[in-house]
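Reader: I'd love a close look at one part of this protein, with enough of its surroundings to make sense of it. Could you walk me through it?

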Amino acid sequence: MSWSLDLIRTGTNSEPYSTEKDVIPFKKDEIIKTLSEISEIIDIRIEESEIVSVEDTEIALDSFFIIHIYGNNYSIELVFYNWCAYSEKDMTYDTIELQIRGSTEPKEFLSLFAEKLRARLFDTSAGNFWTGDDSGFSDWKKLCDRIV
């Protein structure tokens, strides 16, 4: 179980949440370079990426690509779903999902990540863009604690 954010970048970064209008796609290399820059600022570990194949699922995902990030009291999986590919030829994506787990909200990482990519993070549990205040993380954490 994870708290999920969608990374999205648009022309003005002020449009309502949508992956269909005015999207500026992300390149895998751009994401990897940004993670490397962030690792020089804060203490994170980036684990090798992997390609996962999914067969016979309700969601038609042929495969997806994952980058693992480990910080102090949190982990993040950056998931590049094939169905979010903006251009398979250029290996670009209109959105990238961040699946976050841990005991603390990685605010510093998320702020740096969005800022360096000139993008926004959509909090899928809160239903609005992440600002670092009043995010869905605390509700997600309470649910996890209750389940445990």
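What does the accessible surface of the protein come to, and what percentage of it belongs to carbon and sulfur atoms? After that, please take me to strand 9 and what surrounds it.

Author: Happy to! Please keep in mind that this is a predicted model. The accessible surface comes to about 8,600 Å², and 46% of that belongs to carbon and sulfur atoms. Of the 148 residues in the protein, 45% are buried.

A little orientation helps before we zoom in. The protein has three helices and ten strands, and from the N terminus on they run β-β-α-β-β-β-β-β-β-α-β-β-α. Among contacts between residues at least 6 apart in sequence, 56% join residues at least 24 apart.

Now to strand 9, which covers residues 120-123 and includes L121. In a regular strand, side chains alternate between the two faces of the sheet. Here both faces are covered: R120 and F122 are buried on one side, and L121 and D123 are buried on the other.

Let's take the partners of the strand in turn. Strand 1 and strand 9 run antiparallel and are joined by four bridges, with D6 standing opposite F122. L121 also shows how this pairing brings distant parts of the chain together: its C-alpha atom is 5.8 Å from that of L5, although the two residues are 116 apart along the chain. Strand 10, residues 128-129, is also antiparallel to strand 9, with two bridges between them. Four residues lie between the strands in this hairpin, where G127 takes a positive phi near 80°.

L121 itself has a relative accessibility of 1%, so it counts as buried. Beyond its neighbours within four places in sequence, L121 is in contact with L5, D6, L7, L98, L110, A114, N128, F129 and W130. Two of these contacts, L110 and A114, are among the buried residues of helix 2.

On the other face, F122 stands opposite F129 in strand 10. The structure holds two aromatic pairs, so let's look at both, beginning with the one in helix 2. F109 and F113 are stacked, at 5.3 Å centre to centre with 20° between the planes. Because they are four residues apart in helix 2, about one helical turn separates them. F109 counts as buried because its relative accessibility is 0%, and F113 is buried with a relative accessible area of 0%. The pair formed by F122 and F129 is edge-to-face, with 5.3 Å between the centres and 80° between the planes. F122 is buried, with a relative accessible area of 12%. R120 joins this group too, lying over the face of F129 at 3.7 Å from the ring centre.

Finally, let's step back to the core. Nonpolar side chains tend to be buried together in soluble globular proteins. The largest nonpolar core here has 32 residues, and those with the most contacts inside it are L7, I31, L78, L98, F109, L110 and F113. Helix 2 gives the most to this core, with six residues. L7, L98 and L110 from that list are also among the contacts of L121, which ties our strand to the residues you have just met. L78 makes contacts of its own beyond its neighbours within four places in sequence, including I31, L35, L98 and F113. One last detail: just after helix 2, R118 takes a positive phi of about 50°.

Notes
Residues numbered from 1 in each chain as written. Predicted model: local features only at pLDDT ≥ 70, side-chain atom pairs only at ≥ 80, totals over all residues. Heavy atoms only, no water. Core = buried A, V, L, I, M, F, W, Y, C linked by side-chain atoms within 4.5 Å. Buried < 20%, exposed > 50% of the residue type's maximum accessible area, 1.4 Å probe, protein only. Contact = heavy atoms within 4.5 Å. Areas by Shrake-Rupley, 256 points an atom, 1.4 Å probe, with all protein chains shown as cover. Phe/Tyr/Trp six-rings, centres within 6.5 Å; stacked < 30°, edge-to-face > 60°. Lys NZ or Arg CZ within 6 Å of the ring centre and 35° of its normal. Pairing = 2+ DSSP bridges.
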